[in-house]
Amino acid sequence: MRRFLLSFALCVLAGSALPAQTPALTAIRAGRLLDPEAGRILTNQVIVVEGNRIRDVGANLPVPAGAQVIDLSQMTVLPGLVEAHNHLALTYKPVPENNIYYYTYVQESTALRAIQAASNGMQMLASGFTIVRDMGNNANYADTALRQAIEQGWIPGPTIINSGIIIGGMGGQFFPTPEMAKDHNIVYPEYLDADTPDEIVKAIRQNILFGAKVIKICVDCKPYGYTADEIRLVIREAAKSGLKVEGHVQTPQGAKNAIEAGIWSIAHSGALNEEMHKQMAQKGIWRAGTETPEGIPGHPVSPEAYKRTVAGLKNAYDNKVPLTFSTDADYYVEGKTRGELCLDFLKTWKDAGIPNADILRAMTINGYKVSETENTRGPIKKGFYADLIAVPGNPLEDIEALKQVRFVMKDGLVFKRDGVMTPAAFFHAGPVNGWRIR
Ligand SMILES: [Zn+2]
């Protein structure tokens, strides 16, 4: 009886005993197919997609019987782009908070910010970003909610690699009053205070329990930032659950500590110099430089500061630091979608003189590696998830071609076609991919 009850319960839990459906077959005719690894264009390629995966890719492959044909013969098809540092559940604005995000989070609920994140995610996908690393400042785990909603199949969006709450020494990046911090706990949930080894371990476990896929720490947001030993503790604890660690770094000492500890990725480039770049290259530490270009309305960068940013990126490139495309663009600029805003950061890469082929590698291959999807998602290869985009021009010749994404496929479904979002196939009234996805 007991056994019967157990198996009955398991059957109920297993739920949808739907009959197996034949997965949809699609054949994409790609006039030009960009191979970012080789930095070259292949012509007359056919990509066969079965369900959510790539079944085959090659020159002039026969179109399988019954396959729907998508004609991109006049376009350049390329793998999806990666934004390695954004905050989709944060949008600070000129009005009312004068672009100061300390005020955003006291005025906007987690629920509102989660809905903004859903919208921002679609805006990113429409610009060709199929993977976004979402690195904190997302209220009370709105980033996890976004990832789950996309993975369970409620809404379209990029694959999200989210950090949960940023862990730092007391105060995070805020400068709260004693009464707001001590009486009202105002730093939470934007930051998790973790000052002792016990608190550090507990904070990491909290994030993992609540759905983080990467750990983000503030290395040196305060003068009492983390030592190399404390960062090693973070790395060890995160590694127990298979997670990597990104460090927000803003001072030379913080950078030194993070590099010495062998952190996975360093966010922001202001504190990095040539010696550090050499060490990062040697240790294989990812650089998520978040290189803000000049000319973004409401976010002025002085000519001197911009020169330093460009020179820093060039120096990192010259020293063979593993580079990722990252923006930290978490604000509203009138007339721009979140995706368009991120693509404006190409300006810094161009000004640093980085060859288009290597900008494309940073935005694709390196992005998959820093996101740890390189064996499942990203490359247009047999067996991989079917994520791909298309533009009319050739980004190897003109990187600005990436600003004209006309076609987006995510998980084998068409999200954008002829320059228009067509998300209907992604919307569901239930968790069609499974409620167990956490
Ligand atoms: Zn950031």
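**Exercise 1.** Determine how the residues lining the largest cavity of this predicted model divide into nonpolar, polar and charged.

*Solution.* Step 1: list the lining. The largest cavity is bordered by Gly168, Gly169, Gly172, Cys218, Val219, Asp220, Cys221, Lys222, Tyr224 and Gly225.

Step 2: assign each residue to a class. Cys, Val and Tyr count as nonpolar, Gly as polar, and Asp and Lys as charged.

Step 3: state the division. The lining comprises 4 nonpolar, 4 polar and 2 charged residues.

Step 4: place the result in context. The volume of the largest cavity is about 40 Å³, and the structure holds 1 cavity of 30 Å³ or more.

**Exercise 2.** Compare the reach of helix α6 with the span expected at 1.5 Å a residue.

*Solution.* Step 1: identify the helix. Helix α6 covers residues 197-209, 13 residues in total.

Step 2: compare the lengths. From first C-alpha to last, α6 reaches 18 Å, close to the expected 18 Å.

Step 3: continue past the end of the helix. Just after α6, glycine 211 adopts a positive phi of about 100°.

**Exercise 3.** Establish which residues of α6 are buried and how they are arranged about its axis.

*Solution.* Step 1: apply the cut-off of under 20% relative accessible area for buried residues. Ile200, Val201, Ala203, Ile204 and Asn207 are buried.

Step 2: look down the axis. The buried residues of α6 fall within an arc of 165°, so they line one face of the helix.

Step 3: examine the other side. There, Asp198, Lys202 and Leu209 are exposed.

Step 4: find the cover. The elements covering the buried residues of α6 include β8 (166-168), β9 (191-193), β10 (215-218) and α7 (228-240).

Notes:
Residues are numbered from 1 along each chain as its sequence is written. This is a predicted model: local features need pLDDT of at least 70, side-chain atom pairs count only at pLDDT 80 or more; totals for chains, interfaces and linings use all residues. Side-chain values use heavy atoms; hydrogens and water are left out. On a 1 Å grid over the protein atoms alone, a cavity is a set of points where a 1.4 Å probe fits but cannot get out, and a pocket is an open set with protein on both sides within 12 Å along at least five of seven lines; lining residues have an atom within 4 Å of a point. Grid points are joined across faces, edges and corners, and a volume is the space filled by probe spheres set on the points. Helices (H or I, at least four residues) and strands (E, at least two) are DSSP runs, numbered from the N terminus. The expected span of a helix is 1.5 Å times one less than its number of residues. Buried means under 20% relative accessible area, exposed over 50%, partly exposed in between (1.4 Å probe, protein chains only). The arc is that of the directions from the helix axis to the C-beta atoms. Contact means heavy atoms within 4.5 Å.
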